[in-house]
Amino acid sequence: MDNENVIEIKNLTAGFDGRTVLYDISLEVKRNEIFVILGSSGGGKTTLLKHIIGLLRPEKGSISIFGKNTLEMEVDEFESILKRIGMLFQGGALLNSMEVWENIAIPLEQHTDLENEVIHRIIRQKLSLVNLRDAYYLLPSELSGGMKKRVSLARAIVMDPEILFFDEPTAGLDPITSADLDKLILDLKKKLGITLVIVTHELESIKRIADRIIYLQKGKNIFCGTIEEAKKAGIEEIDRFFGWNKD
Amino acid sequence: MIKKTDINTLKVTGDFSNDMISEFKKHYNDLKKKSVKPVIDLSEVEHAGTLAVAFLEFISRNKKIEIRTGESLRSEIDKFASESGYGNSEAKLSFLDRTVVTVSDFFKELVSFTVLSADIFYYSIGSVFNSSGRRKGSVFEQMLLMGNNAVPIVALLSFLIGLVLSLQSAAQLKQFGANIYIVDLIVIGMILEMGPILTSVIIAGRTGSAIAAEISTMKITEELDALKVMALNPLKYVVAPKMLSLTVCLPILTILSNLVGILGGFVIGILYLDLSFDMFFNRTIEVMTLYFWWQSMLKSVLFSWLIVLIGAHFGFKVKGGSEAVGKAATSSVVAAIFAIIMTDAVLSLIFYFEW
């Protein structure tokens, strides 16, 4: 099962406002792996992620999740795919007018008919998982950057997603919090068997968690494989990114 | 060094540093006034600062002035022109082109507003029959925010408007001994015009701006994207509850405004025009027809839709950072008040002439 492709992208060309941002991208993400999207700023990493989760529509190419082409789906069918995935946005994207528990409750209230008591217990369990039990009744404005990301993670995993997307999970966090979050990501993979797709350019984080990487340079895929393979590939841009060409 | 070599020529030699721009400008303005065929000779400039190059590029666009430069300064000016965007044709649109762009942008915006409005109506009507996809209790919560919390301000302002409107009219009516007609004036004025308009304008300022600010903030902070990824439709989750609650609240607030405005007129009628309570009350019942109330309610429902649709439109189209939120809120209020008054004028004409 682990070799099954949960995401398959073929010849994706995409852009917005008449500007092409991604050129002919093809990739596969296998079940239960941590797949990291790398590249320099403005290279198209977040744009690629937004296309995979359906927030943007490409000009050309196909995107399949769980073996189904999402671009040819009806809204209802795509929503059933979305219920099987989770996403952690760069700034957390918590609804500011709602308390922490209400934010985490959104998917449970909308997509299940569980009793309120069960919902509250699930939320407490997820908050313990991200070490934030005490934040239950806090508003997002009362949380630090790292806490917001952890609450957002709790919300993203509350429906037991099969794929979890992260947009710069450790950006703006101190090294200790970053390391804790990486540990949490590895735990999620191990305990829950989740597939993770992560956009980041935090070197330490990549080395700690990545199973495979894709490197985008100005919207083009210049490498896809493991970090070891990247080291052997001898691509100047990647060597400079990882600092491998230092004497 | 800057010097005038003759009445038509201004010459710069050596270094043209940035701090020489002010002095150069004085000579340049003087030359423009006095000379018929001005020439600026920069052929002996050895080096120019970046600000000086920018200024020279600016004046070089004036075709009436001849500018002589050495090769290296000319290439610096041309480089600046192309890098700062004035080298391309886009920046030099003619008046006609700009008009075409403005008109086409307006129609594009109108189309996107129409499409968004149709979607909002679709999801709001659907949301009446099927509450899935919207938060439990959100309509009631919005009713409290939009309706209940606006009661004091709507009541106070309506009372004052009714009072002032009657007071100003009373002096004229008194001259003809037509005191009793203050009732007709205030009842018809409040129910048909002042009530719906005043309430809608207050709500456009209070709620319309809040809707635009909330949605635009949610867009900038990716909250709307987060809802989409959770398989929720932002129109149904965020906008539909506002649409439903304001459709109910604005007519109720308008009824309140009408009645309190009439009460303001009643105070003037009793205290200034010597009308008795019975006279005022009986005349009010005679004048106040169901047809007037129907018009008033129709207007308030239409205005409530305009407030939500325009607020949502400006909220969803926002791009950029936090300053864009303020702009969206302001624009939504201006556009909503404009739309309300235009719609009111059209409806009033239709009803008055019974078209």
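**View 1. Salt bridges across the whole predicted model.** Searching every chain of this predicted structure turns up 26 salt bridges in total. A good one to zoom in on is the pair R84(A) and E162(A), whose side chains meet with 2.8 Å from N to O. R84(A) sits in the loop between α2 and β6 (85-88) of chain A, while E162(A) sits in the loop between α5 (145-157) and β7 (163-167) of chain A, so this salt bridge ties together parts that are 78 residues apart in sequence.

**View 2. Salt bridges and polar contacts between chain A and chain B.** Three salt bridges link chain A and chain B. One of the residue pairs to look for is K50(A) with D225(B), which form a salt bridge whose closest N and O atoms are 3.9 Å apart. With a cut-off of 4 Å for a salt bridge, this distance of 3.9 Å still counts. Polar contacts join five residue pairs across the interface of chain A and chain B, with both residues at pLDDT 80 or more.

**View 3. The side of chain A that touches chain B.** Two elements, α2 (75-82) and α3 (100-111) of chain A, each give two or more residues to this side. The one that gives the most is α3(A), with six residues. Sorted by class, this side of chain A holds 11 nonpolar, five polar and seven charged residues.

**View 4. The contact of chain A with chain B as a whole.** Here you can take in both partners together: 23 residues come from chain A and 18 residues from chain B. Between them the two chains bury about 1800 Å², and carbon and sulfur atoms account for 59% of it.

**View 5. Two helices of chain B packed together.** Helix α7 (residues 181-220) and helix α9 (residues 234-271) of chain B pack at an angle of about 150°, and their axes are 8 Å apart. The crossing of α7(B) with α9(B) is right-handed. What classes of residue make up the contact of α7(B) with α9(B)? You will find 16 nonpolar, eight polar and two charged residues there.

Definitions and conventions: Residues numbered from 1 in each chain as written. Chains lettered and ligands numbered in written order. Predicted model: local features only at pLDDT ≥ 70, side-chain atom pairs only at ≥ 80, totals over all residues. Heavy atoms only, no water. Contact = heavy atoms within 4.5 Å. Buried area = accessible area lost by both parts, 1.4 Å probe. Polar contact = N/O pair within 3.5 Å; in protein donor to acceptor, adjacent residues only side chain to side chain. Helix = DSSP H or I, 4+ residues; strand = E, 2+ residues; numbered from the N terminus. Nonpolar A, V, L, I, M, F, W, Y, C, P; charged D, E, K, R; others polar. Axes fitted to C-alpha atoms, helices over the stretch in contact; angles between N-to-C directions. Left-handed = near helix turned anticlockwise from the far one by under 90°.
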